[in-house]
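Okay, thanks everyone, let me share my screen. I'd like to talk through the aromatic contacts in this one.

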Amino acid sequence: PLGSSASAAVGVLRIDAVPIAMLHLDEVTLILDASRRLVAHRSTAWTTAWGGRGPAAPASIGEPARLPAFAPGVTLSRAVALHTPDGRSSREAWLLSAAHWDNSFVVSAAHGSGATRQRLCYHSELVTCIAVSMCGRWVLTGSDDATAILWSVPSAKMGVERPYAEHVLRGHSAPLLCVALSSVMRVAASGSRDGTVALYTLHDGARVSLIKEPSGTAVEQVRLSDCGYVVLVAAAGSRLHLYSLNGLHVWSSSLPAGAAALELTPCHSVLVCGFDDGSLCAWSVLDRTTLVEYAPCPAPIVCLSISDSCLLVGTSRADVLRYLLPPVETVVCPGVLRLDPSFTTHMRQLPIDPKG
């Protein structure tokens, strides 16, 4: 683990309700809380102490009443997502929300008036989870009806073009709890109460693999690493598993506390995990070594968000903490060698045979 200077929080925000989705951009940080209030906090709103808000007042985006009410019994952090195509500008940011009473998922502007742009009702039961690809061309929803729907947005203009249902993904015998997308590997994943994770291709929606949790308990969280791995959490957050994309088991770990939130860094080689006891740590997906153990949060962690510049952590005490990213320069991918600089210097000095 790194020293405390690298693992302590570098910024704190106190908000009005428990955060369920966060997105850090160049000029603002967007935060959606459990009361359906979407707020933009400017960079000057962060403080380094626990003494309250910074000097800049947050700006509300739209009205909470614009967003349909959330149904009870759903983990809201898995049912909402904030997305922007370039990862920088809030003017192109969009909110995708599920867990609404009418079994819909909603696309709303995460800027300006926060107007609802799309409202799609295709599932026969409550939509419990949602994921959007980094490129913005794909959306995946999972439902209590034991199916997932893969939505296509060919132009990647989320709020302009209406998503259409490309494929209905079947293969589970119980309600879905989590979904994930990888536009790099062209794969979608869904995790269910039946203790399985199903993998599908984005091209035709065909199921290519079915991963069974070893103890048969519900799969609560799933992530797809572009390095070729499937990460899943089960058994009330007490078990963490890593599988290859073809369904082979790589490793498993018993966790000392319940894993409440799970995210991959932009390089997809580092896994950050937040726990029910407020602890926070980062592992290398490739060799399972601990990269950093962060200073613990003052309350249980409920959600995580990782951008190119920082790590955001939301707690059940309505705090949002900002940390530095894990040291990805220490991660070495399989098959990639880090050359000694003297070796490359020697290679430049070798004589070249003109005859080849």
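I'll go through the ring pairs, then a charge over a ring.

Just so we're clear, this is a predicted model. The structure has 4 aromatic pairs, and I'll take two of them in detail.

First up, Tyr122 and Trp151. Their ring centres are 4.9 Å apart and the planes sit at 90°, an edge-to-face pair. What I like here is that this pair joins distant parts of the chain, with the two positions 29 residues apart. Tyr122 is in the loop between β9 (116-120) and β10 (127-132), while Trp151 belongs to strand β12, residues 148-152.

So, buried or exposed, what is Tyr122? It's exposed, because its relative accessible area is 52% and the cut-off is over 50%. Trp151, on the other hand, is buried, at 0% relative accessibility. And which rings make up the cluster here? That would be Phe105, Tyr122 and Trp151, linked by ring pairs.

Okay, next pair: Tyr294 and Tyr323. The centres are 5.0 Å apart with the planes at 65°, and over 60 counts as edge-to-face, so that's what we call this one. This pair also links distant parts of the chain, 29 residues apart: Tyr294 is in the loop between β25 (290-293) and β26 (301-306), and Tyr323 is in strand β28, residues 319-323. As for accessibility, Tyr294 is buried at 5%, and Tyr323 is buried too, at 1%.

Last thing, the charge. Arg322 has its charged end over the ring of Trp46, 4.7 Å from the ring centre.

That's it from me, happy to take questions.

Terms used:
Residues are numbered from 1 along each chain as its sequence is written. This is a predicted model: local features need pLDDT of at least 70, side-chain atom pairs count only at pLDDT 80 or more; totals for chains, interfaces and linings use all residues. Side-chain values use heavy atoms; hydrogens and water are left out. Rings of Phe, Tyr and Trp (its six-membered ring) pair if their centres lie within 6.5 Å; planes under 30 degrees apart count as stacked, over 60 as edge-to-face and the rest as tilted. Helices (H or I, at least four residues) and strands (E, at least two) are DSSP runs, numbered from the N terminus. Buried means under 20% relative accessible area, exposed over 50%, partly exposed in between (1.4 Å probe, protein chains only). A charge sits over a ring if NZ of Lys or CZ of Arg is within 6 Å of the ring centre and within 35 degrees of the ring normal.
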